[in-house]
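Welcome! Take a look at the model below, then work through the exercises at your own pace. Each one comes with a worked solution.

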Amino acid sequence: MNRQKIKDYLKELDGRNLDDLNLACEMMMFCFGDISIHSQCFTRIIRNEQILLTTSDYQNWDGENEKHNDVWYNLACHIDAIINKKVIKTQLTDTNDLFIWLENDVCIQMFISYSHPHYGNDREQWRIFRQGNVDVPHTVVYSQTVQDE
């Protein structure tokens, strides 16, 4: 497992702003300068013990327009509390869940969503990488493993 590489990336996040948050196909994509995190596992953003938005909010939509769902609606409602806020702390748990605390009591929480795969392959949960540098591989967290790709 290449957890040390993830920890090195997380150290670099300290003091950086969350510059952007994009949404696509039940995935959240976070941009902290040249470091990005793409989360395909259950992810939620909370503030002051209130859940602002989650990846499961994609399930509540009109069935016609991909942006007519609760995650886009909730992001629009809370964008000012999330974007351009500074990272004050990060934590990688022993099970590879990731927590990123931003100033103003916002916390991004990424939870590994699958156990050991019995009927299929190890499923990608989230990845961290440096944007714009194709020579540096992405560090990808799966259900049970961490790999550079």
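## What surrounds helix 2

The buried residues of helix 2 are covered by parts that include strand 1 (20-24), strand 2 (27-32), strand 4 (42-47), strand 5 (50-54), strand 7 (98-102) and strand 8 (106-111). Keep in mind that this is a predicted model.

**Exercise 1. Find out how many helices and strands the protein has, and in what order they run.**

Step 1: Count the elements. There are 2 helices and 11 strands.

Step 2: Read them from the N terminus on. The order is α-β-β-β-β-β-α-β-β-β-β-β-β.

**Exercise 2. Check whether the radius of gyration of the protein agrees or disagrees with that of a compact globule.**

Step 1: Start from the chain length. For 149 residues, a compact globule would have a radius of gyration near 15 Å.

Step 2: Compare. The protein has 15 Å, so the value agrees.

Step 3: Add the dimensions. Along its principal axes, the C-alpha trace spans about 40 × 40 × 30 Å.

Step 4: Look at burial too. Of the 149 residues, 44% are buried.

**Exercise 3. Follow helix 2 along its length: where does it bend, and which of its residues are buried?**

Step 1: Locate the helix. Helix 2 covers residues 70-82, and its bend of about 50° is at Ala76.

Step 2: List the buried residues. In helix 2 these are Val71, Asn74, Leu75, Ala81 and Ile82.

Step 3: Think about spacing. An α-helix has 3.6 residues a turn, so residues three or four places apart point the same way.

Step 4: Go just past the end of the helix. There, Asn84 takes a positive phi of about 65°.

**Exercise 4. Decide whether Asn74 is buried or exposed, and name what it touches.**

Step 1: Apply the cut-off. Buried means under 20% relative accessible area. Asn74 has 17%, so it is buried.

Step 2: Find its contacts. Leaving out residues up to four places away in sequence, Asn74 touches Leu52, Leu53 and Asp57.

**Exercise 5. Do likewise for Ile82: is it buried or exposed, and which residues does it touch?**

Step 1: Apply the cut-off again. Ile82, which lies in helix 2, has a relative accessible area of 0% and is therefore buried.

Step 2: List the contacts. Not counting residues up to four places away in sequence, Ile82 touches Leu18, Leu21, Ile45, Leu52, Leu53, Leu75 and Leu102.

Step 3: Take one distance. Ile82 and Asn104 are 22 residues apart along the chain, and their C-alpha atoms are separated by 8.8 Å.

Note on methods. Residues numbered from 1 in each chain as written. Predicted model: local features only at pLDDT ≥ 70, side-chain atom pairs only at ≥ 80, totals over all residues. Heavy atoms only, no water. Helix = DSSP H or I, 4+ residues; strand = E, 2+ residues; numbered from the N terminus. Rg over C-alpha atoms; globule rule 2.2 N^0.38 Å. Buried < 20%, exposed > 50% of the residue type's maximum accessible area, 1.4 Å probe, protein only. Bend = angle between axes of the 7 residues up to and from the residue. Contact = heavy atoms within 4.5 Å.
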